[in-house]
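Me: I'm new to this one and would like to get a feel for how it is put together. Can we walk through it step by step?

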Amino acid sequence: MNPQRPALHHTLLEARAGLELGAWLAALPIMRRKIAGQPHPVLVIPGFFASDTATWPLRHLLHRWGHRALGWELGRNLGAKPGTFDHLLRMIEATAVAADQRVSLIGWSLGGIFARELSRTRPDLVRCVVSLGSPIHGPESSSLAPLFKRLNPRAKAPSPDAQRNRIQSPPVPCTAIYTRSDGIVHWRAALEPAGQRTENIRVLGSHMGLAHNPLALYAIFDRLEQEPENWSRFRWPEAWAR
């Protein structure tokens, strides 16, 4: 895929994230209702330049739904800093052993790239991966690519073979949630490749609002109910689809 960046008018519309937070508050009384699925640990990884504060609305609801929601505990996500991957890998290993359960990974934007690579490294410990507007097909598809390069001058561009391997989905159920009006990552770059246990779910909204967009949250919670062994693709309920 040739890297494309979002249209300027979509980037300017990212201010909609504030409205989506208002929609999250309005939907909170309904979405707090406990799910019937199996509670398990969920690690939420923030996007580039974001921190655990930005994912609090999502983790709050995960907790209310019975899951053990974990932040990444590394402050602001500034990119491929030394020790980041090893820290997250140790978190997954320790959490899976302590809970005697596999861990679901949710990654927002750059966090989704981390989640995919972590699950590729330890698929035996990962229940599923959900990415939110992540530049799966290459960092150049993000409007923040120049800032990322400035803050990560030692990060080398992957070889064509390495990039093709990164695009391939990890050997666990993978769901990409995206919006066609994403103003940070071109929506086509945020799609999982076709596979037996991959899917792409479209929602309405902005990139900056994906971690509290009620439509995205509904899809996330539905995916966490799925048993990996009996995984099936997401379908919107008729009322939500309308």
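**Helix 3 and what surrounds it**

Reply: Sure: helix 2, strand 1, strand 2, strand 3 and helix 8 are among what covers the buried residues of helix 3. Helices (H or I, at least four residues) and strands (E, at least two) are DSSP runs, numbered from the N terminus. This is a predicted model, where local features need pLDDT of at least 70 and side-chain atom pairs count only at pLDDT 80 or more, while totals for chains, interfaces and linings use all residues. Residues are numbered from 1 along each chain as its sequence is written, and side-chain values use heavy atoms, with hydrogens and water left out.

Me: Which residues of helix 3 are buried?

Reply: Buried means under 20% relative accessible area, exposed over 50%, and partly exposed in between (1.4 Å probe, protein chains only). In helix 3, the buried ones are Pro 57, Leu 58, Arg 59, His 60, Leu 61 and Leu 62.

Me: Which element gives the largest share of the largest nonpolar core?

Reply: A nonpolar core is a set of buried Ala, Val, Leu, Ile, Met, Phe, Trp, Tyr and Cys residues joined through side-chain atoms within 4.5 Å. The largest one here has 27 residues, and Ile 106, Ile 177, Ile 220 and Phe 221 have the most contacts inside it. Elements giving it two or more residues include helix 2 (17-31), strand 1 (41-45) and helix 3 (56-64). The largest share, 6 residues, comes from helix 8.

Me: What is Phe 221 in contact with, leaving aside its neighbours within four places in sequence?

Reply: Contact means heavy atoms within 4.5 Å. With those neighbours set aside, Phe 221 touches Met 31, Leu 58, Leu 61, Leu 62 and Trp 65.

Me: How many disulfides does the structure hold?

Reply: A disulfide is a pair of cysteine sulfur atoms within 2.5 Å. The sulfur of Cys 128 has its closest cysteine sulfur in Cys 174, 8.5 Å away, so that is too far for a bond. Cys 128 is buried at a relative accessible area of 7%, and Cys 174 is buried at 0%. The number of disulfides is 0.

Me: Is Leu 78 buried or partly exposed?

Reply: Leu 78 sits in the loop between strand 2 (68-70) and helix 4 (84-99). Its relative accessibility is 30%, so Leu 78 counts as partly exposed.

Me: What phi does Gly 66 take?

Reply: Gly 66 comes just after helix 3. Its phi is positive, at about 100°.
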